[in-house]
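Me: Could you take a close look at one part of this protein for me, the open sheet and what packs around it? I'd love a connected walk through it.

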Amino acid sequence: MLRASLRQVSAALKEGRVAPTELCQRCLALIKSTKFLNAYITVAEETAMKQAEESDERYKRGQPLGILDGIPVAVKDNFNTAGIETTCASNMLKGYISPYNATVVQKLLDQGAVLLGKTNLDEFAMGSGSTDGVFGPVRNPWSYSKQYKEKSVPKSHSEESDWVITGGSSGGSAAAVSSFTCFAALGSDTGGSTRNPAAHCGVVGLKPTYGLISRHGLIPLVNSMDVPGILTRCVDDAAVLLGSLAGHDPKDSTTIQDDFEPFELPNLTDVSKLSIGIPKEYHAPGLSSEILALWSKAADLFKNAGAKVVEVSLPHTRYSIVCYHVLCTAEVASNMARFDGLEYGHRSDMKDSTESMYAATRREGFNDVVRGRILSGNYFLLKQNYEKYFVKAQKVRRLIANDFVKVFRSGVDILLTPTTLSDAAPYTEFIQEDNRTRSTQDDILTQAANMAGEQGQELNCFPLPSHFTCPVPLGLPAINVPTALSERGLPVGLQFIGRSFQEKQLLTVAKWFEKQVQFPMIQLEEVKRHDSGVFQHQKSASFS
């Protein structure tokens, strides 16, 4: 049951084959037995069981709230949750309990979902490995899979040193979904933070169009790029979550004004009318030969099925990571200013003066990565540097966005690219390089979708003085689809990028591709012990 899709579980709940409380208990038991993954920061056991019991009663009355009623879910720990601690994996917010729910969390609860807990991340979502949070690194469930163990050669006698990272910064959510402790999870995506860990953990990771899902209650990193992300085990499930979460929110002025109509994905049988673009610039330095071959094979798959596959150019892609660094740190510097020890969060015992308390609070509360980005951002926003760096980066962002506009206007429907440069790195290897170097490498294939878009608007998009305006392209929707296992027995994913607000087309194509590649299910002993009555909706690998 734990391996079933959302629609399968919803049907089982309606038919009485399983009760919400039983489902919740199984997930909670699995969370405990996979505690070594460090996927969760907070497990809300009592709250979850109470929600499951309420769902039980609704099903007994024949009045479920919808497809998500009774479904166990998890939420990244940078979304505010009333009554449950929200830490952003930082000393700065340890012990902080929000007085309100983020809009996406409230929507899940309103539809009867059972919130199991809050998942681990890089501190304030700054990172690409889920290794830099104050609660410790997240371990990739595939490190303990039968597939990885059969193909890997241990570098030491201890399994403890051979585990691989999840990617980040939504690594806890990706690990939670991958290890079957929940059926879906929320992440956030600023430059790839949902798609990157999805690729490394073998799950689906959807970054919707900017403004389609409310950011209210998501603790901001980069306001003009942040979007709530969706992590599930299949594309159909991602569409279900999207339909439940998308739409206008009066509490977030950047959301779409119209209501969003949920959709059920059709089974695409004819791809002959599709035009698939292959951006040549995504053959980036560091791209492994294994992923390059997989990318090429995927393009051939579409071509052989009758789709038009064309090479396209996004010439300003090579500037995107530098542009992203300037814009990201500038907004980080602004957003982190609210954590001063005066109103909420950590407060230092330093009492010499307000200034010394303020400085000590931020020194004690933030790690080196966060402080480094604050320093960089403030440098770029200095009066003498503003035009030279920030304004220039905004102009480059517009050029990047225009590249995508031209490609889509040329008749291309969907772009097909790698999601990551390689499969997941061992933790001991990953930490040899600093956070900024790793993030630069790991975001290179994903962050352009957050900066690009087919139209834009002038927004005071983050709390700077009023003359600092930000022309925001509406970030493009993008999805990671798990594709095959690497030679080491680890997941590799490919990315599909669509037009703004064309999620239905994007997900329909992704579903077709998912069906063709038949990505294998992870084989974990812990899951076997806690799960009976498994729905075998995924088959053995045939695309490698």
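Reply: Happy to! One term to start with: contact here means heavy atoms within 4.5 Å. Please also keep in mind that this is a predicted model.

Let's begin with the sheet itself. It is open and built from 11 strands, in the order 1-3-2-4-6-5-12-13-9-7-8, with mixed pairing. Strand 1 (40-43) and strand 8 (308-312) are its edge strands, each pairing on one side only. From one strand to the next, the twist averages 30°.

Within that order, look at strand 12 (residues 478-485) and strand 13 (residues 491-497), which pair in the antiparallel sense over seven bridges. Val481, for instance, has Leu494 in strand 13 as its bridge partner. Helix 8 (residues 235-245) packs on the sheet and touches strand 12, along with strand 4 (184-189), strand 5 (204-207) and strand 6 (227-232). The direction of helix 8 makes about 145° with that of strand 6.

Strand 13 has a helix of its own to meet: helix 13 lies across strand 13, strand 8 and strand 9 (414-418), running at about 125° to strand 9.

Now for the nonpolar side of the story. The largest nonpolar core has 166 residues, and those with the most contacts inside it are Leu116, Phe124, Leu242, Phe404, Leu416, Ile479 and Phe496. Helix 13 (residues 386-409) gives the largest share of this core, nine residues.

Phe404 is a nice place to zoom in. Setting aside neighbours within four places in sequence, Phe404 is in contact with Tyr282, Leu314, Leu415, Ala448, Ala452, Leu476 and Ile497.

Technical notes. Residues are numbered from 1 along each chain as its sequence is written. This is a predicted model: local features need pLDDT of at least 70, side-chain atom pairs count only at pLDDT 80 or more; totals for chains, interfaces and linings use all residues. Side-chain values use heavy atoms; hydrogens and water are left out. A nonpolar core is a set of buried Ala, Val, Leu, Ile, Met, Phe, Trp, Tyr and Cys residues joined through side-chain atoms within 4.5 Å. Buried means under 20% relative accessible area, exposed over 50%, partly exposed in between (1.4 Å probe, protein chains only). Helices (H or I, at least four residues) and strands (E, at least two) are DSSP runs, numbered from the N terminus. Two strands pair if DSSP finds at least two bridges between them. Axes are lines fitted to C-alpha atoms, for helices over the stretch in contact, and angles run from 0 to 180 degrees between N-to-C directions.
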